[in-house]
Amino acid sequence: MSFYVYQYIDEFGLPYYIGKGSGNRIRANHLYTEVPPLERRVIIESELTEQQAFELENQLIRKYGRKIDGGLLDNVKLNQWACATGWNHSDQTKQKISIKNSGKVRTA
């Protein structure tokens with residue numbers, strides 16, 4: 001499987017999200033950031049292994065910085081360890097998450 005690293009840019013040409021993907025990931029909805037029009041979605045580098053894509057994504061997130069750290073990017077995660085292809089929480093971890101989230105009210 002081949003991976004790529006992409007960025008979403010704002011109307012001024014500044015990146016506001018850096019991601020790693022394969023297939024149609026660049027078009028997919030995100031929880032914490034808005035997907036821009038097609039002309040503002042840029043593939044930075046393609047034909048990468050997953051490890052190469054992780055490394056480049058991390059390097060670019062560190063370069064531009066996350067908004068939560070005073071930078072430009074909407075990215076929430078800096079360490080992408082939990083986003084490896086095929087990675088899943090264990091049943092025990094899912095149960096712990098479920099218990100912790102029980103009773104919480106979600107708002108849009």
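Start with the whole chain: it has 108 residues, and 31% of them count as buried. Keep in mind that this is a predicted model.

**Stop 1: the overall layout**

Colour the chain by secondary structure. You should find two helices and three strands. Walk from the N terminus, and the order reads β-β-β-α-α. Now switch on the surface. The chain exposes about 7700 Å², and carbon and sulfur atoms supply 51% of that area. Contacts tell another part of the story. Take those with a separation of 6 or more: 47% of them come from residues 24 or more positions apart.

**Stop 2: the largest nonpolar core**

Hide the surface again. Select Phe 3, Val 5, Ile 18, Leu 48, Ala 53, Leu 56, Leu 60, Ile 61 and Leu 73. These nine residues make up the largest nonpolar core. Which element gives the most to this core? H1 does, with four residues. E1 and H1 each supply at least two residues of the core. A separate core of six residues lies apart from this one, and among its members are Tyr 4, Tyr 6, Tyr 8 and Tyr 16.

Stay with one member of the nine, Leu 73. Leave aside its neighbours within four places in sequence. Leu 73 then has contacts with residues including Pro 15, Tyr 17, Ile 18, Leu 60, Ile 61 and Tyr 64. Gly 65, Arg 66 and Lys 67 are also on its contact list.

**Stop 3: Ile 26**

Select Ile 26. It sits in the loop between strand E2 (15–21) and strand E3 (41–48). Is Ile 26 buried or exposed? Its relative accessible area is 11%; that is under 20%, so Ile 26 counts as buried. Show what surrounds it. Not counting residues up to four places away in sequence, Ile 26 touches Tyr 4, Tyr 6, Tyr 8, Val 35, Arg 41, Val 42 and Ile 43. Three of these names may ring a bell: Tyr 4, Tyr 6 and Tyr 8 are among the residues of the six-residue core. Now draw a line from Ile 26 to Leu 38. The two are twelve residues apart in sequence, and their C-alpha atoms lie 9.4 Å apart.

**Stop 4: Asn 75 and Arg 66**

Move to the loop between helix H1 (50–64) and helix H2 (91–101), and select Asn 75 there. Asn 75 is buried, with a relative accessible area of 4%. Where does its side chain reach? It reaches the backbone oxygen of Ile 18, at 2.6 Å. Beyond four places in sequence, Asn 75 touches Tyr 16, Tyr 17, Ile 18, Ile 61 and Arg 66.

Add Arg 66 to the selection. Arg 66 also lies in the loop between H1 and H2. Its relative accessible area is 13%, under the 20% limit, so Arg 66 is buried too. The side chain of Arg 66 reaches the backbone oxygen of Val 76 at 2.6 Å.

**Stop 5: the salt bridges**

Side chains of opposite charge can pair when their charged atoms come close. How many salt bridges are there here? The count comes to four.

- Arg 66 and Asp 69: the closest N and O atoms are 2.5 Å apart. Arg 66 is buried, whereas Asp 69 is exposed at 53%.
- Asp 74 and Lys 67: these side chains meet at 2.7 Å, N to O. Lys 67 counts as partly exposed, at 49%.
- Arg 40 and Glu 11: this salt bridge spans 3.9 Å, N to O. The pair links distant parts of the chain, 29 residues apart. Arg 40 is in the loop between E2 and E3, and Glu 11 is in the loop between strand E1 (3–9) and E2. Glu 11 is exposed, with a relative accessible area of 59%.

**Stop 6: a nonpolar surface patch**

Bring the surface back. Select Phe 12, Leu 14 and Leu 72. Together they make a nonpolar surface patch of about 310 Å². Zoom in on Phe 12, in the loop between E1 and E2. Its relative accessible area is 68%; that is over 50%, so Phe 12 counts as exposed.

**Stop 7: an unusual backbone angle**

Most residues other than glycine have a negative phi. Finish with Glu 47, in strand E3. Glu 47 is not a glycine, yet its phi is positive, about 60°. Glu 47 is exposed, with a relative accessible area of 67%.

Conventions. Residues are numbered from 1 along each chain as its sequence is written. This is a predicted model: local features need pLDDT of at least 70, side-chain atom pairs count only at pLDDT 80 or more; totals for chains, interfaces and linings use all residues. Side-chain values use heavy atoms; hydrogens and water are left out. Buried means under 20% relative accessible area, exposed over 50%, partly exposed in between (1.4 Å probe, protein chains only). Contact means heavy atoms within 4.5 Å. Accessible areas come from the Shrake-Rupley method with a 1.4 Å probe; for residues, only the protein chains shown count as cover. A polar contact is a pair of N or O atoms within 3.5 Å; within protein, one must be able to donate a hydrogen and the other to accept it, and residues adjacent in sequence count only if both atoms are side-chain atoms. Patches are made of residues with over 30% relative accessible area and no salt bridge: like charges are joined within 9 Å, nonpolar side chains (Val, Leu, Ile, Met, Phe, Trp, Tyr) within 5 Å. A nonpolar core is a set of buried Ala, Val, Leu, Ile, Met, Phe, Trp, Tyr and Cys residues joined through side-chain atoms within 4.5 Å.
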